[in-house]
Amino acid sequence: QEVATRNLVSNPEYFSILLDFYVREIEILVNSLDFESAEVKAYKHFNLISEYQSIWELISLELTSRGFLSSDVSVRAKSVLLRALLLNYDISKEQEVSSLINELKTYVKNSQDLSRIHCQEIVFLMKRSMLDDALDIASKKISIEQDKCTVFDYYFFMFILNQNILLKEDS
């Protein structure tokens, strides 16, 4: 695929195919449990999308930064980076992960994307050993925003509830 990438890069018509290739490459690294390499590739993908934003804004003055930040391509790049950071998490990434979650919450409109960000926020809180906060966020989501919940919201609620019960039994 990398050989094909070199041929496709010269034609702007294939830009979306190239972006899909980079995301799939990151997924292959994740599935191979090579989280560090996945994070490096996710940063490269994110930076590529940031450059694309600059070009996008040059095309038309009506195309605002806010409009780009809520676009599928921007949300996807940030979501991929967030996932890679969470999979390769250490405490030094806390501020960056928190910032990405808050930014995504601001710009995401699609219920599936909102659900994914919600679940990633729960994972983030769990990695920081904030299980009670994670359970609180999960339970509020399914009780207040039932119409916007996906199966994953319920799954993560049950998962964090189970973790809390198990940890309380052990103490």
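Visitor: At roughly what angle do the axes of H5 and H7 cross?
Guide: Welcome! This is a predicted model, and here the axes of H5 and H7 come within 11 Å of each other. They cross at roughly 25 degrees.

Visitor: Are H5 and H7 roughly parallel or roughly antiparallel to each other?
Guide: The angle between the two axes is roughly 25 degrees, and angles under 35 degrees count as roughly parallel. The crossing of H5 and H7 is also left-handed. The orientation of H5 and H7 is therefore roughly parallel.

Visitor: How many residues of the contact of H5 with H7 are nonpolar, how many polar and how many charged?
Guide: On the H5 side, Val75, Ser79, Leu82, Arg83 and Leu86 take part. They meet Asp113, Arg116, Ile117, Gln120, Val123, Phe124 and Lys127 of H7. By class, this contact holds six nonpolar residues, two polar and four charged.

Visitor: Is H5 roughly parallel or roughly antiparallel to H6?
Guide: The axes of H5 and H6 come within 10 Å and cross at roughly 150 degrees. Angles over 145 degrees count as roughly antiparallel. That makes the arrangement of H5 and H6 roughly antiparallel.

Visitor: And which handedness has the crossing of H5 and H6?
Guide: The residues that meet there are Val75, Lys78, Ser79, Leu81, Leu82, Leu85 and Leu86 from H5, with Glu96, Val97, Leu100, Ile101, Glu103 and Leu104 from H6. By class, the residues of this contact are nine nonpolar, one polar and three charged. The crossing itself is left-handed.

Visitor: Which two residues have the most contacts inside the largest nonpolar core?
Guide: This core has 21 residues. Helices H2 (15–31), H3 (35–59), H5 (72–87), H6 (94–107) and H7 (111–127) each supply at least two of its residues. Those with the most contacts inside the core are Leu82 and Val97.

Visitor: From which helix does the largest share of this core come?
Guide: H5 is one of the helices that each supply at least two residues of the largest nonpolar core. The largest share is seven residues, and they come from H5.

Visitor: Which residues does Val97 touch, not counting those up to four places away in sequence?
Guide: Val97 is one of the H6 residues that meet H5. It is also one of the two residues with the most contacts inside the largest core. With sequence neighbours up to four places away set aside, Val97 touches Leu82, Leu85, Leu86, Tyr89 and Phe124.

Visitor: How many residues has the other core that lies apart from this one?
Guide: Among the residues of that other core are Leu131, Leu135, Cys149 and Phe156. It lies apart from the largest core, and its count is 13 residues.

Visitor: Is His118 buried or exposed?
Guide: His118 sits in helix H7. Leaving aside neighbours within four places in sequence, it is in contact with Ile137, Ala138, Lys141 and Asp153. Its relative accessible area is 8%, and the limit for that label is under 20%. His118 is therefore buried.

Visitor: What is the relative accessible area of Lys105?
Guide: Lys105 lies in helix H6 and touches Ile117 and Glu121, not counting residues up to four places away in sequence. It is partly exposed, with a relative accessible area of 38%.

Visitor: What separates the C-alpha atoms of Lys105 and Gln53?
Guide: Along the chain, Lys105 and Gln53 are 52 residues apart. Between their C-alpha atoms, the separation is 19 Å.

Visitor: Where is Leu33 found?
Guide: Most residues other than glycine have a negative phi. Phi of Leu33, however, is near 65 degrees, a positive value. At 62% relative accessibility, Leu33 counts as exposed. It is found in the loop between H2 and H3.

Visitor: What is phi of Ser129 near?
Guide: Ser129 is found in the loop between H7 and helix H8 (131–144). With a relative accessibility of 65%, Ser129 counts as exposed. Its phi has a positive value, near 60 degrees.

Visitor: How many helices and how many strands does the protein have?
Guide: Along the sequence, the pattern reads α-α-α-α-α-α-α-α-α. The secondary structure comes to nine helices and zero strands.

Visitor: Of the 171 residues, what percentage count as buried?
Guide: The C-alpha atoms fill a box of roughly 60 × 35 × 30 Å along the principal axes. Among contacts with a separation of 6 or more, 52% join residues 24 or more positions apart. The buried portion of the 171 residues is 37%.

How values were computed:
Residues numbered from 1 in each chain as written. Predicted model: local features only at pLDDT ≥ 70, side-chain atom pairs only at ≥ 80, totals over all residues. Heavy atoms only, no water. Core = buried A, V, L, I, M, F, W, Y, C linked by side-chain atoms within 4.5 Å. Buried < 20%, exposed > 50% of the residue type's maximum accessible area, 1.4 Å probe, protein only. Helix = DSSP H or I, 4+ residues; strand = E, 2+ residues; numbered from the N terminus. Contact = heavy atoms within 4.5 Å. Axes fitted to C-alpha atoms, helices over the stretch in contact; angles between N-to-C directions. Parallel < 35°, antiparallel > 145°, perpendicular 65-115°, else oblique. Left-handed = near helix turned anticlockwise from the far one by under 90°. Nonpolar A, V, L, I, M, F, W, Y, C, P; charged D, E, K, R; others polar.
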